[in-house]
Amino acid sequence: MRTGLRASVKAVLVLLAATALQHMGVEPVRAHEVGEHGAAAPAPAVSTVTTNRWGANYFPNTTLITQDGTQVHFYDDLLKGKAVAINIMYTSCKDECPLETARLVQLQQLLGDRMGKDIFFYSISIDPDHDTPEVLKTYAEKFGVGPGWTFLTGKAEDIRIVTKKLGLSRYSDEANKDGHTASLMVGDEPTGQWMRNSAVDNPQFLADTVGSFLGWRDPKRGKNYAEARPLTVDKGQFLFQSRCSACHTVGQGDKLGPDLQGVTARRERGWLARYILAPDKMLAERDPIAVMLFEKYQSVRMPNLSLGSPDVGDLLLYLDSQSSPSRQPARKESISAR
């Protein structure tokens, strides 16, 4: 009786294992199939190939065009066998896109020589009628984009299909004044694993998140979180680090925008407050200082950060504190600042 029970349990376990393998896309192997003349047929090699749901059968292989004018196939040339980070943008965007691109430049710098080897960045324009390869190339050069990062344009319908498949195009985007959200899709095509992130998040956090997701090992052993001290950051400092530091420094020289050391002394405070609140509006109104800054800094638009008046007040107080004489290094004063 016990022998019969063991045989029944074994049979059930074998059946469950075969079912699990089928769900994973692995064909189960029968070790003793009967051959043509009744003899046991040799067992075939066990298959380890799994079905990648997010592979060639899912992504289109449509043609896109790089900022260098090269035609590429989306799946075969850009995705297949690669780890990628993809966002959508357009060069005439006045709000999130400039900050989004600046943040990703910081991420690119943190990833260093992994760019173009262990991971590839792609920025797809959702305004292909305006964003020709030449326009995209100029935009990339303004932001200091390096190797391993490709900007893409193409036919509007092809781009809609690609962005929809990537999960970067949603019905809710139509209600967004930018026409899209600042999302970054990170994917490992060989494994079929994908995750969504904010493209304007802290670049160090993004670098750590991407590295962990892709299984990169950090040769430097980090400190134990238990050793971390309590973090105290005032509101103005937080706003500067999270919203302004991608394009500006205080006392470290110009970046995409001017060094803000002493800006509250050089500019009239009311003008600064208006400009931080609505730089796009002031540029559209042809405010002379706004136009001068736009032309001086490679026509990179200062984005509308959607800050409120209290936020602007906190930010100006922080810049006041950083511009005190005791904090100013011995250097020539910047001609202008945003």
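**Exercise 1.** Is R269 buried, partly exposed or exposed?

*Solution.* Before we start: this is a predicted model, where local features need pLDDT of at least 70, side-chain atom pairs count only at pLDDT 80 or more, and totals for chains, interfaces and linings use all residues. Residues are numbered from 1 along each chain as its sequence is written, and side-chain values use heavy atoms, with hydrogens and water left out.

Now the scale: buried means under 20% relative accessible area, exposed over 50%, and partly exposed in between (1.4 Å probe, protein chains only). R269 comes in at 36%, so it counts as partly exposed.

**Exercise 2.** Find the salt bridge partner of R269 and place both residues.

*Solution.* A salt bridge needs a side-chain nitrogen of Lys or Arg within 4 Å of a carboxyl oxygen of Asp or Glu. R269 meets D320 this way, at 2.7 Å from N to O. Next, place them: R269 is in helix α9 (residues 269-277) and D320 in helix α12 (residues 309-322), 51 residues apart, so the pair links distant parts of the chain. Helices here are DSSP runs (H or I, at least four residues), numbered from the N terminus. D320, at 29%, is partly exposed too.

**Exercise 3.** Which helix gives the most to the largest nonpolar core?

*Solution.* Such a core is a set of buried Ala, Val, Leu, Ile, Met, Phe, Trp, Tyr and Cys residues joined through side-chain atoms within 4.5 Å. The largest one has 58 residues, with L107, L111 and F121 among those with the most contacts inside it. Helix α3 (residues 96-111) is the top contributor, giving seven residues.

Methods: Helix = DSSP H or I, 4+ residues; strand = E, 2+ residues; numbered from the N terminus.
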